[in-house]
Amino acid sequence: MQTKGFSKVAMGVFGALTLVGIACWIFQLIGGLGVTGMSNTTSWGLYICMFMLFVGLSAGGLIVASSAHVFGIEKFKPIAKPAVIMSTVCICVAGMLILVDLGGIQRIWRLVTGPNFMSPLLWDVCIITIYLVINILDLVWMQKGENDKVRKLSYVALPVAILVHSVTAWIFGLQIARAWYTAIMAPIFVASALDSGLALLLLGLLLIDKVGIAELGDELLASLAKLLATFIAVDAFFIGCELLTMAYPGAGEAAALSHMLSGATAPFFWFEIIGGLLVPFVILAIANNRTKRGMVVLASALVVLGVACKRIWLLFTSFITPNVAGAPGIAGGSAAAREGGDIWAIIGTYAPTLPEILIVVGVISLGVLAFMVLCNKLVAGEEVEQQVSLPSEEVAQAA
Amino acid sequence: MTKLALAINQKRCIGCQACAEACKMENNVGMGMLWTRTLTEGSDVMDAAVGEFPNLRMDYLPLGCQHCENPACQKVCPTGATYKDEMGRVEIDYDKCIGCRMCMAACPYNVRVFNWTEPVHDPETGYGDATVPVRHKGVMEKCTLCKQRTDNGQKPMCVVCCPTHARVFGDLDDPNSEISRLKRERTVRILLEEMGTEPQVFYFV
């Protein structure tokens with residue numbers, strides 16, 4: 001056998017990080033969510049932020065893979081399998097991030113026995129489950145080479161992929177209590193899923209090209225990069241629409257806007273606008289850059305980071321100023337009481353704690369590990385098969 | 001039908017926080033958490049006047065669950081742990097709460113409190129009415145309108161302990177009740193009325 005693929009050392013590192021994450025999660029189960037930086041003012045934190053990011057990241061893979069069939073884009077077909085692996089892994093990471101965020105995970109069966117179908121959170125549980133099943137079916141059928149089933153599934157996969165991002169957006173966008181309340185939330189989530197998802201897919205494809213699992217030709221690279229530039233532009237347009245709508249009346253959401261432009265969430269906001277949208281768009285708008293691997297990696301990494309920053313400002317801006325303000329503000333909760341000192345907060349503040357960060361790192365590491373293992377098994381194996389054993393069908397079938 | 005409600009006279013409120021303490025004691029609310037609290041409106045400092053001398057004012061706003069008729073928290077709860085009961089109160093079934101905190105994000109009034117850790121009580125034995133359910137870490141809680149008392153026709157503890165009689169408790173579905181009369185006849189203020197949550201708690205002067 002050839003020594004292609006991800007090395008055992010790399011897998012060992014991510015495996016170890018996963019174990020650290022699991023240890024921290026057990027620590028959190030014992031101590032409660034009080035071991036995180038969340039409080040009664042900022043009641044969602046890093047977990048939900050990263051959940052939004054990874055739901056979005058899972059978009060690229062499945063959308064590119066199903067577009068190959070739905071729109072008959074032949075050149076996308078060779079990358080369909082690694083794309084779906086990436087998509088599957090990302091949605092699993094997103095699901096795990098929700099699980100670690102639950103305070104009463106031992107009662108999670110209540111979702112099945114007494115579901116409230118008015119809750120966007122329940123819609124999300126349903127659609128993510130469907131999405132995961134589609135991803136796994138897609139992967140299994142691709143592996144078995146049942147192309148007709150894969151083609152038919154693509155017609156379902158594409159609309160479901162759009163819905164996953166919309167429903168995740170509605171968790172936030174339907175809440176009249178917060179600055180999230182806007183009809184453009186779903187389009188923004190779809191747009192940022194498309195650009196960050198495609199950017200991550202490009203990074204993943206370049207990586208498996210580098211370790212010699214599957215080749216990524218310059219022509220395909222250039223056309224994916226061009227598509228990425230288009231997605232960035234769409235994302236920027238939607239964000240621009242929302243900003244203008246927030247700013248123009250000079251009332252209502254002005255407080256939220258001021259936090260974004262010059263307040264606590266401003267660094268993340270401006271990084272996204274400049275680093276996550278403007279710079280990568282300019283890089284990829286120049287045709288020559290689209291075949292330069294370094295440039296594509298830079299632009300893609302900036303897009304993923306930019307969208308991560310967007311999740312941060314989007315989530316936290318709404319937790320800063322309470323709707324009903326006044327001293328002494330909001331009582332922080334039991335965790336604040338345990339720490340002693342002042343429990344009161346006039347405005348919401350938040351910083352993740354070490355266990356919280358390590359849990360997120362652990363969950364993501366598990367995803368990276370799964371991506372490596374699946375790529376080694378499914379993609380690299382296939383390459384070898386095609387090169388070595390094209391004549392004998394029996395060997396292929398036995399495999 | 002019954003629609004239990006609370007009316008708060010802002011002219012009478014002196015910001016003594018007796019309601020907050022009475023509620024905490026009655027309902028065994030842990031340290032660092034309160035089901036009702038009294039805000040000094042428009043100020044970053046408690047009991048501070050707002051404005052420029054000599055045009056100063058100091059207004060108190062007791063704030064707890066508004067027991068909305070269109071409760072944003074109830075709508076978003078994935079397991080139905082938050083529900084509107086037959087007496088018109090918004091209640092939580094602690095056994096169903098999975099601690100996702102969706103309701104906390106949805107409530108416009110910031111009146112829900114979460115057990116981020118196992119609750120701390122001082123004294124550790126706990127306090128209050130023995131029939132109040134115990135809440136452990138990982139569940140949401142908030143004003144129940146003293147369910148254990150109002151079920152039996154008693155008034156909530158915040159109403160009983162208010163030294164200036166600023167709080168009026170009653171049934172809005174009974175047109176002859178004091179609270180219905182107040183809602184008809186007085187200048188009524190509804191918190192964040194524009195959000196359409198239709199609170200059953202209202203303020204009057």
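Two strands count as paired here if DSSP finds at least two bridges between them. That rule is worth having in hand for the first close-up of this predicted model.

**View 1. A strand of chain A pairs with a strand of chain B.** Strand E1 of chain A, residues 326–327, runs antiparallel to E2(B), and 2 bridges join the pair. If you want one spot to zoom in on, pick Gly326(A): its bridge partner in E2(B) is Glu41(B).

**View 2. The contact between chain A and chain B, seen as a whole.** Each partner is listed with its own count: 53 residues from chain B and 53 residues from chain A take part. Together the chains bury about 4200 Å², and carbon and sulfur atoms account for 59% of that area. On the chain B side, Ile98(B), Asn110(B) and Trp116(B) are the trio to look at, since no other three residues supply more; they give 18% of the area that chain B buries against chain A.

**View 3. Polar links across the chain A and chain B interface.** The rule turns up 1 salt bridge between these chains. Asp101(A) and Arg101(B) form a salt bridge through their side chains, with N to O at 2.6 Å. Polar contacts add up to 31 residue pairs across the interface of chain B and chain A, both residues being at pLDDT 80 or more. Which elements of chain B give two or more residues to the side that touches chain A? They are strands E2 (37–41), E5 (60–63) and E8 (113–114), along with helices H2 (72–76) and H3 (102–106). Sorted by class, that side of chain B holds 31 nonpolar, 13 polar and 9 charged residues.

**View 4. Domain 1 against domain 2, inside chain A.** Domain 1 of chain A comes in two segments, 10–37 and 354–382, while domain 2 spans 42–321. Going by C-alpha atoms, the centres of the two domains of chain A lie 20 Å apart. In this contact, 22 residues of domain 1 meet 22 residues of domain 2. The buried area is about 2000 Å², with 82% of it from carbon and sulfur atoms.

**View 5. A closer look at the domain 1 side.** Between the two domains of chain A the rule finds 0 salt bridges, and 2 residue pairs are in polar contact, both residues at pLDDT 80 or more. Helix H1 (8–31) and helix H13 (354–388) of chain A are the elements that give two or more residues to the domain 1 side. H13(A) provides the largest share, 17 residues. By class, this side of domain 1 has 16 nonpolar, 4 polar and 2 charged residues.

Key. Residues are numbered from 1 along each chain as its sequence is written. Chains are lettered from A and ligands numbered from 1 in the order in which they are written. This is a predicted model: local features need pLDDT of at least 70, side-chain atom pairs count only at pLDDT 80 or more; totals for chains, interfaces and linings use all residues. Side-chain values use heavy atoms; hydrogens and water are left out. Contact means heavy atoms within 4.5 Å. Buried area is the accessible area (1.4 Å probe) that two parts lose on being put together, summed over both. A salt bridge is a side-chain nitrogen of Lys or Arg within 4 Å of a carboxyl oxygen of Asp or Glu. A polar contact is a pair of N or O atoms within 3.5 Å; within protein, one must be able to donate a hydrogen and the other to accept it, and residues adjacent in sequence count only if both atoms are side-chain atoms. Helices (H or I, at least four residues) and strands (E, at least two) are DSSP runs, numbered from the N terminus. Ala, Val, Leu, Ile, Met, Phe, Trp, Tyr, Cys and Pro count as nonpolar, Asp, Glu, Lys and Arg as charged, and the others, Gly among them, as polar. Domain bounds come from an automatic or database domain assignment.
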